[in-house]
Amino acid sequence: MIFHMRYLDLKRKIQEIRINAIEGIAEAGSGHPGASFSAAEIMGVLYFRELRHDPSNPTWAGRDYFINSKGHSAPGYYATLAVAGYFPKYEMKDLRKFGSRLQGHPVRYSKLLERHSVPGVEYSGGSEGIGLSVSIGIALANHIDNKDNNVYVLLGDGETNEGQVWEAAMTAPKFKLDNIIAILDRNKIQQDGFTEDIMPLDPVRDKWVAFNWNVIEINGHKVEQIMDALNKASEVKDKPTIIIANTVKGNGIKHMANNPQWHGRAPHNLHIPLLIEELEGEILIAPSIIAGEKENYEEKIKKVERGGADIIHLDVMDGIFVPNITFLADTIKKLRPITNIPFDAHLMIEKPYEHIDEYINAGCDIITVHAETCDNEKFCYIREKVMSAGISLGIAINPETELPEWAYSYLNDIDVIIVMSVNPGFSGQKFIPDITSKISNLNRTLKVKGYKGYIEADGGIDASTVQRVYDAGARIMVAGSAVFSNSDINTAILQLKHKTNVTLERNLLKKADENSIRKDWIVARKHILIPVANELGIEDEINRL
Ligand code: DX5
Ligand code: ZN
């Protein structure tokens with residue numbers, strides 16, 4: 001079976017991978033957070049969107065093979081297998097413990113060694129440079145046996161210093177092994193330094209092209225780019241593919257990001273609640289393309305893609321549910337091929353249940369309908385349609401609407417709740433201040449009910465309002481005029497991210513106080529706090545440390 005995880009659910013799963021990995025590393029007092037985090041999106045997409053595999057039957061003959069050649073990323077790898085269901089997540093607390101099957105480097109699964117090997121692990125990694133060769137053996141055997149199982153192999157960039165990697169790189173094209181998809185976790189750090197200082201690898205792309213590989217280069221933290229590259233790789237015949245995934249070592253925790261010190265080091269256990277808050281604090285910026293100049297949607301999408309947008313917010317208005325008309329499913333369908341950035345369709349139409357198939361077929365990754373246009377039965381109908389298409393389901397509520405009682409029975413299936421902070425119908429309106437407390441009350445209620453999805457704030461979100469809604473619990477920020485009224489879209493998006501970042505640092509300091517680890521936290525995070533010390537009012541304190 002292939003998990004076909006919905007976009008927003010996949011994002012949450014990847015957060016869970018990082019959280020389980022860092023908890024295990026802290027508990028063990030050792031481990032490799034850097035490599036576990038740089039490959040988190042890669043492993044998340046493989047296990048939740050790409051691989052044919054079955055956690056309840058790890059040796060299923062029809063499975064695709066995943067060879068993790070960078071064995072030291074074991075905590076992230078184990079966390080991925082645990083979140084996918086190969087073994088209970090609580091076992092992550094036994095990482096690197098004597099007698100535990102979760103050792104510092106993975107042991108290939110064997111029924112004979114049930115207690116000392118890890119279900120789902122295909123290859124005993126550790127000394128690097130060997131995984132690609134093993135992958136070629138499996139791929140060649142599958143070719144000879146006419147089996148269509150694919151082999152995915154994750155390589156570290158430091159590991160490609162090993163000569164054996166290049167012997168293998170020559171071999172795969174020789175045998176036309178198009179059933180091998182290699183992914184290079186190009187995080188530019190190995191051990192205690194930067195690859196380009198230790199053993200320069202660039203130009204990486206040219207090397208693999210010269211060795212007759214099909215080469216695709218991506219941002220390795222953008223799940224849509226990973227999925228797109230894997231799709232493209234599956235279309236290539238008679239040639240192996242390598243995806244060069246440009247990543248950041250330690251991505252997700254700011255003081256670990258791109259920092260060689262966190263290659264093989266464990267955070268203090270007391271820091272874990274703060275690190276979890278940071279990981280769950282990731283925001284997604286969703287520019288609303290109806291804002292700014294009239295239409296010209298294609299150009300706007302390209303601009304915000306270059307500007308670092310995470311999601312494209314598509315305000316569908318039919319002139320009935322709201323006093324404005326924008327565009328419908330056919331326009332979205334035309335815009336879809338422009339980018340692989342996820343499409344967030346916000347349906348402000350009177351009868352979404354009559355048109356839901358059109359939006360499913362238009363290529364949306366998230367479809368949100370208004371609670372005011374549905375009842376339990378209609379929403380249930382929409383839910384079945386949207387979810388069976390593997391699309392994230394959302395429900396939106398107008399400023400005066402509370403989340404309806406019936407919606408609470410679908411919290412496991414709802415990936416996003418849009419809380420309107422303006423009356424729907426137009427961009428450029430003023431933020432309604434009361435919405436901040438509405439979001440925090442809703443967030444509190446949802447937490448108690450175990451909601452794992454997102455809260456999206458929509459309307460009047462800009463540099464002066466984004467911090468309040470972030471503090472209240474919103475993690476997806478729709479921004480129309482705040483982005484498109486700015487000549488420099490990149491700066492506008494960065495400013496929104498900066499503002500929420502300052503709020504996050506303030507909340508983390510508060511948590512450090514509550515856990516009586518303020519000094520220790522500031523020391524660990526100093527290079528991250530210095531640029532915002534002024535806004536946080538801690539300049540003197542930092543200078544004294
Ligand atoms: C309003 C829409 C919003 C709006 C956002 O009905 O749902 O998405 O376009 O635009 P700003 O950010 O300008 O309020
Ligand atoms: Zn909207």
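This report covers the domains, the zinc site, the salt bridges and several local backbone features of a predicted model.

## Domains

The domain assignment of the protein chain lists three parts: domain 1 (7-92 + 128-262), domain 2 (281-487) and domain 3 (515-544). Domain 1 is written as two segments. Between the C-alpha centres of domain 2 and domain 3 the distance is 36 Å.

## Zinc site

The zinc ion (ligand 2) takes its protein donors from His313 (NE2), Asp315 (OD), His346 (ND1) and Asp458 (OD), at distances of 2.0 to 2.2 Å. The site has six donor atoms, with angles of 71 to 170 degrees among them, and is octahedral. Along the sequence, the donor residues of the zinc ion (ligand 2) follow the spacing H-x1-D-x30-H-x111-D. Two of these donors sit in strands: His346 in strand E10 (residues 343-348) and Asp458 in strand E14 (residues 454-458), so this pair ties together parts that are 112 residues apart in sequence. His346 is buried, with a relative accessible area of 0%. Asp458 is buried as well, at 6%.

## Salt bridges

Side chains of opposite charge can pair when their charged atoms come close. A search of the whole structure gives 31 salt bridges. Three of them are listed below with the N to O distance.

| Pair | N to O distance |
|---|---|
| Glu16 and Lys89 | 2.5 Å |
| Glu505 and Arg525 | 2.8 Å |
| Arg518 and Glu541 | 2.6 Å |

The salt bridge between Glu16 and Lys89 has an N to O distance of 2.5 Å. This pair links distant parts of the chain, with Glu16 in helix H1 (residues 7-28) and Lys89 in the loop between helix H4 (74-84) and helix H5 (131-144), 73 residues apart. Glu16 counts as buried because its relative accessibility is 17%, below the 20% limit. Lys89, at 38% relative accessibility, counts as partly exposed.

Glu505 and Arg525 meet through their side chains at 2.8 Å. Here the link runs from helix H18 to helix H19 (residues 518-529), across 20 residues. Glu505 is buried at 0% relative accessibility, and Arg525 is buried with a relative accessible area of 0%.

In the pair of Arg518 and Glu541, the closest N and O atoms are 2.6 Å apart. Arg518 belongs to helix H19 and Glu541 to helix H21 (residues 539-544), with their positions 23 residues apart in the chain. Arg518 is partly exposed, with a relative accessible area of 23%.

Apart from these pairs, Arg6, Asp9, Lys13 and Asp415 are linked in a network of salt bridges.

## Thr503 in helix H18

Thr503 is found in helix H18 (residues 489-514). Its relative accessible area is 3%, so Thr503 is buried. The side chain of Thr503 makes a polar contact of 3.3 Å with the side chain of Gln467. Leaving out residues up to four places away in sequence, Thr503 touches Gln467, Tyr470 and Asp471.

## Ala266 and its contacts

Ala266 lies in the loop between strand E7 (241-246) and helix H10 (272-280). With residues up to four places away in sequence not counted, Ala266 touches Ile25, Gly29 and Ser30. The C-alpha atoms of Ala266 and Gly24 are separated by 9.3 Å, although the two residues are 242 residues apart along the chain.

## Backbone geometry in loops

Asp202 and Pro203 are joined by a cis peptide bond, with omega about -5 degrees. Pro203 is in the loop between helix H7 (195-198) and helix H8 (204-210).

Asp238, a residue other than glycine, has a positive phi, near 65 degrees. Asp238 lies in the loop between helix H9 (223-235) and E7. At 48% relative accessibility, Asp238 counts as partly exposed.

Asn258 also has a positive phi in a residue other than glycine, near 55 degrees. The residue is in the loop between E7 and H10. Asn258 is partly exposed, with a relative accessible area of 42%.

Technical notes. Residues are numbered from 1 along each chain as its sequence is written. Chains are lettered from A and ligands numbered from 1 in the order in which they are written. This is a predicted model: local features need pLDDT of at least 70, side-chain atom pairs count only at pLDDT 80 or more; totals for chains, interfaces and linings use all residues. Side-chain values use heavy atoms; hydrogens and water are left out. Helices (H or I, at least four residues) and strands (E, at least two) are DSSP runs, numbered from the N terminus. Buried means under 20% relative accessible area, exposed over 50%, partly exposed in between (1.4 Å probe, protein chains only). A polar contact is a pair of N or O atoms within 3.5 Å; within protein, one must be able to donate a hydrogen and the other to accept it, and residues adjacent in sequence count only if both atoms are side-chain atoms. Contact means heavy atoms within 4.5 Å. A salt bridge is a side-chain nitrogen of Lys or Arg within 4 Å of a carboxyl oxygen of Asp or Glu. Donors are N, O and S atoms within 2.8 Å of the metal (3.2 Å for Na, K and Ca); water is not among the atoms, so sites may look incomplete. Four donors count as tetrahedral if all angles lie between 85 and 135 degrees; four count as square planar and six as octahedral if opposite donors are over 155 degrees apart and all others between 65 and 115; anything else is irregular. Domain bounds come from an automatic or database domain assignment.
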